[in-house]
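Thank you all for coming; I would like to take a few minutes to walk through one model with you. Please have a look at it on the screen before I go on.

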Amino acid sequence: MRLHLLLIISATLVMFACNPKPQVAPVIDKDPAIERKVEDLLSKMTLDEKIGQMTQLSIDVMWDREARRAGTFKFDEAILDSVIVKYKVGSILNIPGVAQTPERWNEIISVLQQKSIGATGIPCLYGLDQNHGASYTMGAIMFPQPINMAASFNRDLVHEAAVITAYETRASSVPWTFNPTLDLGRDPRWSRLWENYGEDAFVNAEMGRVATLGMQGKDPNHVGRENIAVCVKHYMGYGVPVSGKDRTPAIISPSDLRDKHFAPYLASIQAGALSIMVNSGSVNGVPVHANYQLLTQWLKEELNWDGLIVTDWADINNLFNREKVAANKKEAIKMAINAGIDMSMDPYSWDFCVLLKELVEEGQVSMERIDDAARRVLRLKFRLGLFEESLHDPKSYPLFGSTEHYNVAVKAAEESMILLKNKDNILPLAKGTKILVTGPNANSMRTLNGGWTYTWQGEMTDIFTGEYNTLLEGLAAKFGAGNIIYEPGVTYKDGANWWEENTPEIDKAVSAAAKADVIVVCVGENSYCETPGNLTDLTMSANQRELVKALAKTGKPIVLVLNQGRPRIIKDIEPLASAIVYTLLPGNAGGDAFANLISGEANFSGKLPFTYPLEVNSLTTYDYKVSEESDTMEGAYNYNASRSLQWPFGYGLSYTTFRYGDLKVNKENFTADDELVFEVEVTNTGKVKGKEAVLLYSTDLVASIVPDARRLRAFEKVELEPGQTRTVKLALKGKDLAFVGFDGKWILEEGDFEINVGDKKLTLRCTKTKKWDTPNR
Ligand code: BGC
């Protein structure tokens, strides 16, 4: 009896010593049956097998050389054996050069599954970048890019698109996507701005949450056969490189890191996100792949999250190749695995397997860490049902690429385009208007889609999209080919760098304008993606601006169409346009949606999800620090500060107008746990039906660190018939108005808050300060 008691006491002490932190409730409730299967399997696995599960390679390495030269895909049998049988690699990613049909994906994946199951009994986990729809599956619906989905401010559309993306991905027997992308696109120079939901933490968090639910479904333990696992990326701080260039260092205040950059990942994890990919770069001098605090403490310990952390492309290698925090690959592996990485995306080489085994044998990486990582990989495979069914017959996905799915993409494209200017209501254009369509983006499916479309850089898009309409084709279909004159004036160079243009033929476009009533000039950028998209000048190309200037001299009204992933500076040509439409990157449905909008069959409702800068040296975000805008001080010197914008975050016009009634709230004094319900009446005061995204901002009037000018705290989109009024309710918790202080803790401070919705505002008072250091769950 005494011995028994002693055993219990010492077991408790050991538990306490090993696990000094109080265990928080797990963010995903485990399924005990799955956990038993995982433990059973793990207990029978060798070290080689466990390390194999922690390894991910690109399909490129197994591509037969002859077949590659011929432009087809075939496995190199010897390499396939080496990878899957000898090294027992558990995960493969990427396309063999170009997207494959669901049938072809099934053939490819069935070879991998047979080999994997034969070698270890464990199915292979295949992952693809299905970044705007199943964009690496031939024949799938290409939705607008995430930046457009953000501009729609429509959660339902994001959810619907995610459901379809999952369905069309699973039709290829691919169970895993490297998406949603929730970096905050807060630097307009960054080449990946359009891969995210814009500059705001709350929009990214909300869209990330619904995208996660849409793709994975509601039960993360049992991801259905029409769902896939998400891999939220790129955790975290990737979107604000100091240089503006991809994969270069970010410097982020502790407060912003915890409050803003962490928020979208937290929201996705709370919605059940099963895996996370890590930011390729460094934050505050520490490469995120080597950051124990961000990977292990914030995710695995504080949230008690049992998902999988995978590196980005070759990023363990980058710890020594690029970041120079490790002297060689072995040291880099030790650093990353001990920081909390569970799977290495080491696309071309499997020496990770050899070196990690050495590290374990030398005691530099513990067996517990290996077990933890392998367990997370196995758990994901069980949750995905891969042990029961690792192949899916494309025929059982009859809605793949259907009109039903396409119609959702058209709606999303319509709701995501932004009307930035409409002088004298020049838009919509009446039937019968003679239109000159010009500019390098007028007749290109490539520019409508951007990168991550059929290929990484999206350069082959026009080959596969004959059935879809470009902007020009959309207008011709809507207004009649006889009313359309096409003369591009400026064109991109084929087979060259994305920014290269041919010698312009501006005169030809100017002459063609003589026969037109209106000129629709489609300018912007050609497709690019990641580091190749870096640029040194955010100003729009000189040729394109010259084209607009020359056309303006004709005196014909100009509709300027911006088809670009990031806001290129257009200060000198903006005044020349009567109307401006920002299409962003609307995908394959972009041409149809554009024509619907220009003709007035559909109405604009998109709003800018980032701040459009006026000048290159004036880059800012809507949640800037209040001291970035200040009046002149009294006295001899002018110590003022000001920002200059082309258009603010949240800006976007409609063919109708909306009036906001008085803003009301259920309580004027509040504390952290109170629910605040705001109500505002919105009336459509124009003549056509329209949708309005109602945005609620808060301003903390005085705070212990310099406050942000405003923060978006809630949004809802409503549709209104002409003359119709609806009461829009926006609810939040008192604690949602908190910020993270310099000490890394959340704090809601006693004092006044101003709340703004439309042109209405009110003031609320927080009556009690509250501070907490666990994430706002
Ligand atoms: C990108 C990721 C992507 C990965 C796999 C990397 O270069 O940064 O966003 O998921 O490649 O394709």
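I will go through the ligand surroundings, then the aromatic rings, and then one of the sheets.

Please keep in mind throughout that this is a predicted model, and that every value I quote is computed from it.

Let me begin with the ligand, and with the question of which residues are around it. The list comprises Leu-93, Asp-129, Phe-178, Arg-192, Lys-233, His-234, Arg-247, Met-277, Asp-312, Trp-313, Trp-452 and Glu-530. For three of these I can give you a distance to a ligand oxygen: in Asp-129, a side-chain N or O atom is 2.5 Å from an oxygen atom of the ligand, while Arg-192 places a polar side-chain atom 2.7 Å from a ligand oxygen, and for Glu-530 the corresponding distance is 2.8 Å.

Phe-178, which is among the residues around the ligand, also takes us to the aromatic rings. The model has 29 aromatic pairs, and one of them joins Trp-176 to Phe-178 in an edge-to-face arrangement, with 5.0 Å between the centres and 65° between the planes. The angle is the reason for that label, because planes over 60 degrees apart count as edge-to-face. Are these two residues buried or exposed? Trp-176 and Phe-178 are both buried.

Elsewhere, a single aromatic cluster is made up of Phe-153, Phe-202, Tyr-622, Phe-649, Tyr-697 and Phe-715. Tyr-697, a member of that cluster, has Arg-710 lying over its face, 3.8 Å from the ring centre. There is also a lysine over a ring, since the charged end of Lys-770 sits over Trp-772 at 5.8 Å from the ring centre.

Finally, let us turn to the sheet, which is open and has three strands in the order E19-E21-E24, paired in antiparallel fashion. Its edge strands are E19, residues 658–665, and E24, residues 725–733, each of which pairs on one side only. On average, neighbouring strands of this sheet are turned by 20° against each other, if direction is ignored.

How many bridges join E19 to E21? There are six, and E21 here covers residues 675–684. Along this pairing, Phe-658 stands opposite Asn-684, and Val-665 stands opposite Phe-678. On the other side, E21 and E24 are joined by nine bridges, and there Glu-679 has Lys-729 of E24 as its bridge partner.

How values were computed. Residues are numbered from 1 along each chain as its sequence is written. This is a predicted model: local features need pLDDT of at least 70, side-chain atom pairs count only at pLDDT 80 or more; totals for chains, interfaces and linings use all residues. Side-chain values use heavy atoms; hydrogens and water are left out. Rings of Phe, Tyr and Trp (its six-membered ring) pair if their centres lie within 6.5 Å; planes under 30 degrees apart count as stacked, over 60 as edge-to-face and the rest as tilted. Buried means under 20% relative accessible area, exposed over 50%, partly exposed in between (1.4 Å probe, protein chains only). A charge sits over a ring if NZ of Lys or CZ of Arg is within 6 Å of the ring centre and within 35 degrees of the ring normal. Two strands pair if DSSP finds at least two bridges between them. Helices (H or I, at least four residues) and strands (E, at least two) are DSSP runs, numbered from the N terminus. Axes are lines fitted to C-alpha atoms, for helices over the stretch in contact, and angles run from 0 to 180 degrees between N-to-C directions. A residue is near a molecule or strand if one of its heavy atoms lies within 4 Å of it. A polar contact is a pair of N or O atoms within 3.5 Å; within protein, one must be able to donate a hydrogen and the other to accept it, and residues adjacent in sequence count only if both atoms are side-chain atoms.
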